[in-house]
Amino acid sequence: KNRPKPLCEDNAEVVMLWILDISLLGILAVSCDAFSACLQAQQATTTVLKAGSSLLEEEVSRVIAQSQGEKDTIARARVEEEILTSSSAPRDALEEATVKERKAAIKRNKRFWKEQQRLIRRQSGVGGGGGGFGSAKKTVAAPTKTDEEEDDDDESAKRIAFEPKLDVDGYAALIRETGVARKNNVLSLETTTALRSFIDEELIRSNEGIASGKLTPQSRFARVLLKDNRWDMSLPFEQSEHGGDIVMRALYELLGDSEHPERGSVGHVFESALSCNAKLHEFGAMISDPQSDRQILHPDMAHQGDVQKRTGPPFLTCFVAVQDVDEAMGPTEFLPCTNTEASHEEFADYDRRDEMLKHVPTKLSLLKAGDCSMYDTTTLHAGSANRSEKRRRIFYFTFRSVSMEDDRTTDEPGSIRPDLLERQLTLKDVREALYKWRNK
């Protein structure tokens, strides 16, 4: 305000001073904004660092707890192994049942399931006389039912999944009674050899894809007890890249297709035990490398009480060896006849568990390449330690009974790829897909 001259050509110096004043004011304003922003950034950084420190502490604590938990699990597994090996109860190889044993199991199961059907009919209000053994039948008028009650009856009828007529060789009957059965030569040697190579290559591809960030761990691997040197890897379905057709060829040999279901070596066992409406629940390969530790004994599924007694196994799994499995390679150890509510209650009681293990017989799944073990997932079992110098690979799949709800999610798909999970394929659907694959 004290500048005497107006702004004109003769006052160039004054003009420059004014420009300098305005520039300094602008710089000061920008500097104030920048300083304020720096303060905010510092505060935010401090908050993030505090949160990061807390998260880091939580992660460290989780890792330590997990490590300690795994050490405790390994120690407990060794205790269980010591009890079983020193037990007076038999501990030998799981063998394929004889024809005579399987025929006897079929007869027992037919009687059991006839009684189950009678119970369902009684609950549904369907009358009957002496069961068709020469007695006069009386027609009894059933009480009128609401639509909701009739729907419940239809659902109950569906829950009886076991179909004895389809159990032509008695394997399903054995599984219902003892929880596990072996069947030999379910895959050809040629298919077994090709499948073994494919599993090894797929493990490499999966690990590389996860390392590069192209794949998520959940899309290829399921959670598994004691994961060091052990993988539960999901496998592709209906995919031909990287030799994936071998998976479909193996499934065809095992399940048959919609045109020739009888060509499947184990498909009838699953259809008999769970029905053709059973859902594909797991589909993958279990891989155990040298130095993998023994797992603790466990069921894959808790016993389902009265529902399981009435409908049979909630899930049925087939383990197919793609190489010979000897005792040093860590075979699966099964505890036959533990697929019962009483066995689960005793096993859950820590005070009685060890005493139980001293008297229960066990079976080691010492399979030859192309052989399989099929088991009710409520049967107690464990993967043994691999103390050999060889890799053990098991190709496997699980079907879920119509009596069980599906609790899997896309984030936690279990041992199945997310895209396959979304399809909710039944055994019938899988056979249809195999027919299309064979005729493409």
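Counting salt bridges (a side-chain nitrogen of Lys or Arg within 4 Å of a carboxyl oxygen of Asp or Glu), we get 25. Bear in mind that this is a predicted model, where local features need pLDDT of at least 70 and side-chain atom pairs count only at pLDDT 80 or more, while totals for chains, interfaces and linings use all residues. Numbering starts from 1 along each chain as its sequence is written, and side-chain values use heavy atoms, with hydrogens and water left out.

Here are some of the pairs, with the N to O distance for each.

| Salt bridge | Closest N and O atoms |
|---|---|
| Arg78 and Asp293 | 3.7 Å |
| Arg423 and Glu238 | 2.8 Å |
| Glu341 and Lys309 | 3.1 Å |

To place them, we use helices (H or I, at least four residues) and strands (E, at least two), which are DSSP runs numbered from the N terminus. Arg78 and Asp293 make a salt bridge that links distant parts of the chain: Arg78 is in helix 1 (residues 12-86), and Asp293 is 215 residues away, in the loop between strand 4 (279-288) and helix 8 (306-311).

Arg423 pairs up with Glu238. Since Arg423 belongs to helix 11 (residues 418-423) and Glu238 to the loop between strand 3 (230-234) and helix 6 (245-255), this salt bridge ties together parts 185 residues apart in sequence. For exposure, buried means under 20% relative accessible area, exposed over 50%, and partly exposed in between (1.4 Å probe, protein chains only). Arg423 comes out as partly exposed at 40%, and Glu238 is partly exposed at 36%.

Then there's Glu341 with Lys309. Glu341 is in helix 9 (residues 341-348) and Lys309 in helix 8, so the pair ties together parts that are 32 residues apart in sequence. Glu341 is partly exposed, at 30%, and so is Lys309, at 44%. Elsewhere, salt bridges join Arg91, Arg294, Glu327 and Glu333 into a network.

Now for the nonpolar cores, meaning sets of buried Ala, Val, Leu, Ile, Met, Phe, Trp, Tyr and Cys residues joined through side-chain atoms within 4.5 Å. The largest has 54 residues, and those with the most contacts inside it include Leu255, Val266 and Phe270. Helix 6 gives this core the most, eight residues.

What does Leu255 touch, leaving aside its neighbours within four places in sequence? Its contacts (heavy atoms within 4.5 Å) include Val266, Phe397, Phe399, Leu427 and Leu434. Apart from the largest core lies another, of twelve residues, among them Val180, Met329, Phe334 and Ile394.
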